[in-house]
Structures are given as C-alpha cells and as structure tokens.
Amino acid sequence: MAYKMSESKMQESCVTWFRYNYPALKLCLFAVPNSLFIHGVPKQKLMYAGAKQKREGLIAGIPDLILVYNGKSYGIEMKLPYNKLQDVQQKVHESWKAQGIEVFVIRTFEEFKSLIESIIK
C-alpha cells in the first residue's frame, strides 16, 4: 500500500520549508488551531474546553495557515487533492474575500511553494 500524506503532514512540511527559506518572516506564517482533540482526555472535558474556546473567539472554518506579509493577510487552506472544502470553510473564505483578503486552497507542497514564491518576490 502506498503511503498517503495527511493534510497535517503536508502543512508541517510547508511550514518547515517556509521557516527555512524565509527565516526573517518566520513569525509571519502561523497556524490557527480550529479543532480540539487531546488523546486520552474524556469527551466531557473536551466539550467544555471546546465551548470555552468558542466563547474566546474560536470560529470553525478558518484557514489552516495565515500569512501576513507586506501589509496584507492571506488565508491558506490545506486540502489533499481528493478532499473538498466544508460548507463552513467555503463561507469563511467568501467572507474574507469580500473583505479583500486573499484565500488559497493548497493541495500539494509544490502549490504551497509556488504560492509563497509568487507572494514574496
């Protein structure tokens, strides 16, 4: 069986590449955790923690990575080639685009690299 990269592993690879190639900008690309799972923690505690995070401003559908560069913000959603955006993600992307924030759906490491290189010329 062939190894399939997860969205998480792809994101890790992209962030590692970015930090290596753009060390002066390492604080300008960051993840926004938008889910909560801790192995071994009872479901009731996770539900309480999730409700607390929502009260603190957690919003479902926020892109996986945010890049802030040259006075602009970019949303970067990591999706494997066979995965689709969820409805809530689509709504967030539309809302951000209406505010002038560019949002990209990245499906491969190569797409990420090309996107970053086109933004940071």
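## Chatting through a four-stranded sheet

User: Let's start small. Which residue does valine 68 stand opposite in β3?

Analyst: Valine 68 faces serine 73 across the pairing with β3. Keep in mind that this is a predicted model.

User: Ok, and how do β2 and β3 run, and how many bridges join them?

Analyst: β2 and β3 run antiparallel, with five bridges joining them. They form a hairpin that has two residues between the strands. Asparagine 70 sits in that turn and has a positive phi of about 55°.

User: What's the strand order in the whole sheet?

Analyst: The order is β1-β2-β3-β4, in an open sheet of four strands with mixed pairing. β1 (29-31) and β4 (102-106) are the edge strands, so to speak: each pairs on one side only. On average, neighbouring strands are turned by 25° against each other, direction ignored.

User: Where's the mix, then? In which sense do β3 and β4 pair?

Analyst: β3 and β4 pair in the parallel sense, over five bridges. In that pairing, isoleucine 76 stands opposite phenylalanine 104 of β4. To get from β3 to β4, the chain goes through helix α3 (residues 87-98), and this β-α-β crossover is right-handed.

User: And at the other edge, which sense do β1 and β2 pair in?

Analyst: Antiparallel, over three bridges, with β2 covering residues 65-69. Alanine 31 has leucine 65 in β2 as its bridge partner. Helix α4 (residues 109-119) packs on the sheet and touches β1, β2, β3 (72-78) and β4. The direction of α4 makes about 155° with that of β4.

User: Is β3 mostly covered or mostly open?

Analyst: Mostly covered: five of the seven residues in β3 are buried.

User: New topic: helix α1. How many residues does it have, and how far does it reach?

Analyst: α1 (residues 7-21) has 15 residues and reaches 21 Å from its first C-alpha to its last. That is close to the 21 Å expected at 1.5 Å a residue.

User: Which residues of α1 are buried?

Analyst: Met10, Gln11, Cys14, Val15, Trp17 and Phe18 are the buried ones in α1. Looking down the axis of α1, you'd find its buried residues within an arc of 160°, so they line one face of the helix.

User: What do those buried residues pack against?

Analyst: The buried residues of α1 pack against β1, β2, β3, β4 and α4.

User: And which residues are exposed on the other side of α1?

Analyst: Thr16 and Tyr20 are exposed on that other side of α1.

Definitions and conventions. Residues numbered from 1 in each chain as written. Predicted model: local features only at pLDDT ≥ 70, side-chain atom pairs only at ≥ 80, totals over all residues. Heavy atoms only, no water. Pairing = 2+ DSSP bridges. Axes fitted to C-alpha atoms, helices over the stretch in contact; angles between N-to-C directions. Contact = heavy atoms within 4.5 Å. Expected span 1.5 Å × (residues − 1). Buried < 20%, exposed > 50% of the residue type's maximum accessible area, 1.4 Å probe, protein only. Arc of directions from axis to C-beta. Right-handed = clockwise from strand over helix to strand, strands pointing away.
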